[in-house]
Amino acid sequence: MDDETGRGVPLIELKTTNQIRYVTDSNGVVAFDEPGLLGRKVHFEIKGHGYEYPKDGFGIRGLALDTTSGGTARVKVRRLNVARRIYRITGAGIYRDSVLTGTPVPTAEPVLNGQVMGQDSVLEAVYAGKIHWFWGDTGKPGYPLGNFHTPGAVSDLPGQGGLDPARGINLTYFTGPDGFARPTCELPGSGPTWVTGLTVLRDPAGKERMLAYYAKIKPPLSTYEAGLVEWDLGSRRFEKRARISGDPAESAGTQPSGHTFLRKDGNVEYVYFSSPYPIVRVPATPAAMADPETWESYTCLAPSSRASEKRVERNADGTLNYAWKKRAPVLSHADQDQLAAAGTLKPGEGLFHLRDVATGKRVLAHGGTVYWNDFRKRWILIAVETFGTSMLGEVWFAEADAPQGPFVFARKIVTHEKYSFYNPKQHPVFDQDGGRLVYFEGTYTFTFSGNDDPTPRYDYNQVMYQLDLADPRLALPVAIHEVRDPASSSGSIRLAPRAGMDHDPARAYREIAFFAPDRPGAASVPVFEQTDGRGEQILTVERKEGARPLFFLIPADDSNPPAGTTPLHEFRRESGPGRYYSTVEAPREGHRREARPLGRVWVNPGRPRQD
């Protein structure tokens, strides 16, 4: 059990001195009934991804228990992860040990549902009053090969017959005559049929429609056909609506994929596709989703160029022309690094600057999601890292003022020791307490991890985590913008967060003076603002009764400041009133720098500070 919450922790391993291994179920329960050992004192070594048990004098993490028949023991573990692991969603034996011990379970099918043994990456959408779930390749009990054509299920919404998401999910699978989760998207052609970009729209007549993109796969995991499918409520299957013409490889970087949300830009509603960054969008109509001529990418590459060409566009002032463009590929992390190494991109010109807030290390985000969060009044990113401390096993949290970013400073919220946890998916439908509690799942598997010892029952299945956004460890630096202050008679520049503001992230990088938290956590010194007689902004670290801090700083005298931070100075005009604040050491003409900085802030990596 979690020593903070008292809740049972799934996926904790207990191992005897002769290497008998047990893994806690979704209640955190282990049923021990070992002939020859029951009724004795037995030592169990204890470990679990993101949790730990204290070491003894020999450095061993474990304890000895009297294994009395019918007895129980409660063992507390300390959570290292920011997020809480709360249950497994798919596969056999989710509550196996609870059933064996008579412990109450929350779900209707606690040990085998739809004969599903394992399931890859999830898609989810609310349609026809229920949550619809779809997965990739799915294993079954009777043979190593199972369903490779998108099995699915439904569940009731929380508060409308569905469970509290903190307790579990009651999945009702679409099954075949044999009781196994059947295909919902078995299209003609060899190889698996995978779907992505699951979206629910209303057509011009107001009818609700659920659509997705399909891909037909051939070895070694390449797409030879792609198109659009639509859910048929009568047959409870996807029906083919359109095939996208041309070679799918040629549309790499423009093809919509990933997880979706709807959002208006001006008068046009779009479907945004996160993988993990939402830099591909399509007008929110069924016709547009089937028409590649309407697809748009947020990119600095030239329209109609192939991804392999990487022809960048620049504006008249020399800045990169990042914009929504049709028939233009996006830049990946790897593309950005390649162009920077070649000198095509100047320092700071890339779109991706995600980094560990604690160390300053770059974080290469892979799969994940971006959604609006009401609690933070910002867009939040939950994504897995490539080449982290475990391959595809580290999950990170970041936030930004706009859906495309800029996402810069991130906190690791989940770690898996030499194990993958790929394609994490947040479920906004489960948000609680105004968005303070969010839920996300991912595929827990030894695949790609280098680990040749799969976890029994859990491997190749979906595991749910809960994240409390009020955790002080998530008080990350946010963008502090330079805003021209209309209240100032001199037209001065004011520093301020712009939570929830719409802007072009490429332009925003140039407007961001620095990054600093808007709540205590990563920094602790509050900064308050007031105005002088001309309406110009004055910043002070002196506490103001009843005033709300504008942002927070690292103390100026911190002997071991976080990586990537720099002093924030006040500069005063040498003659007459007027001041400004900057991380640039040299003062502007006619100004002098105050000797002591206000504190330390995080440098904007997308804007080399030279002014």
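## V99 and its surface patch

In this predicted model, V99 counts as partly exposed because its relative accessibility is 44%, a value that falls between the limits of 20% for buried and 50% for exposed residues. V99 sits in helix α1, which spans residues 96–101, and together with V111, L112 and M117 it forms a nonpolar patch on the surface whose combined accessible area is about 300 Å².

## The second largest pocket

Helix α1 also takes part in the lining of the second largest pocket, to which α1, β3 (41–47) and β5 (62–66) each supply at least two residues. This pocket has a volume of about 1,100 Å³, and of the 34 residues that line it, V29, V30, G71, T72 and A73 lie nearest its centre. Sorted by class, the lining of the second largest pocket comprises 17 nonpolar, 13 polar and four charged residues.

## Enclosed cavities

The structure holds three cavities of 30 Å³ or more, and the largest cavity has a volume of about 80 Å³. Its lining consists of 13 residues, with E399, P406, V478, A479 and F515 lying nearest the centre; the elements that give two or more residues to this lining are β26 (395–400) and β31 (477–484). Strand β31 gives the most, with four residues, and by class the lining of the largest cavity has eight nonpolar, two polar and three charged residues.

The second largest cavity holds about 50 Å³ of space and is lined by T254, P292, W295, E296, S297, K326, R327 and A328, a set made up of three nonpolar, two polar and three charged residues.

Technical notes: Residues are numbered from 1 along each chain as its sequence is written. This is a predicted model: local features need pLDDT of at least 70, side-chain atom pairs count only at pLDDT 80 or more; totals for chains, interfaces and linings use all residues. Side-chain values use heavy atoms; hydrogens and water are left out. Patches are made of residues with over 30% relative accessible area and no salt bridge: like charges are joined within 9 Å, nonpolar side chains (Val, Leu, Ile, Met, Phe, Trp, Tyr) within 5 Å. Accessible areas come from the Shrake-Rupley method with a 1.4 Å probe; for residues, only the protein chains shown count as cover. A salt bridge is a side-chain nitrogen of Lys or Arg within 4 Å of a carboxyl oxygen of Asp or Glu. Buried means under 20% relative accessible area, exposed over 50%, partly exposed in between (1.4 Å probe, protein chains only). On a 1 Å grid over the protein atoms alone, a cavity is a set of points where a 1.4 Å probe fits but cannot get out, and a pocket is an open set with protein on both sides within 12 Å along at least five of seven lines; lining residues have an atom within 4 Å of a point. Grid points are joined across faces, edges and corners, and a volume is the space filled by probe spheres set on the points. Ala, Val, Leu, Ile, Met, Phe, Trp, Tyr, Cys and Pro count as nonpolar, Asp, Glu, Lys and Arg as charged, and the others, Gly among them, as polar.
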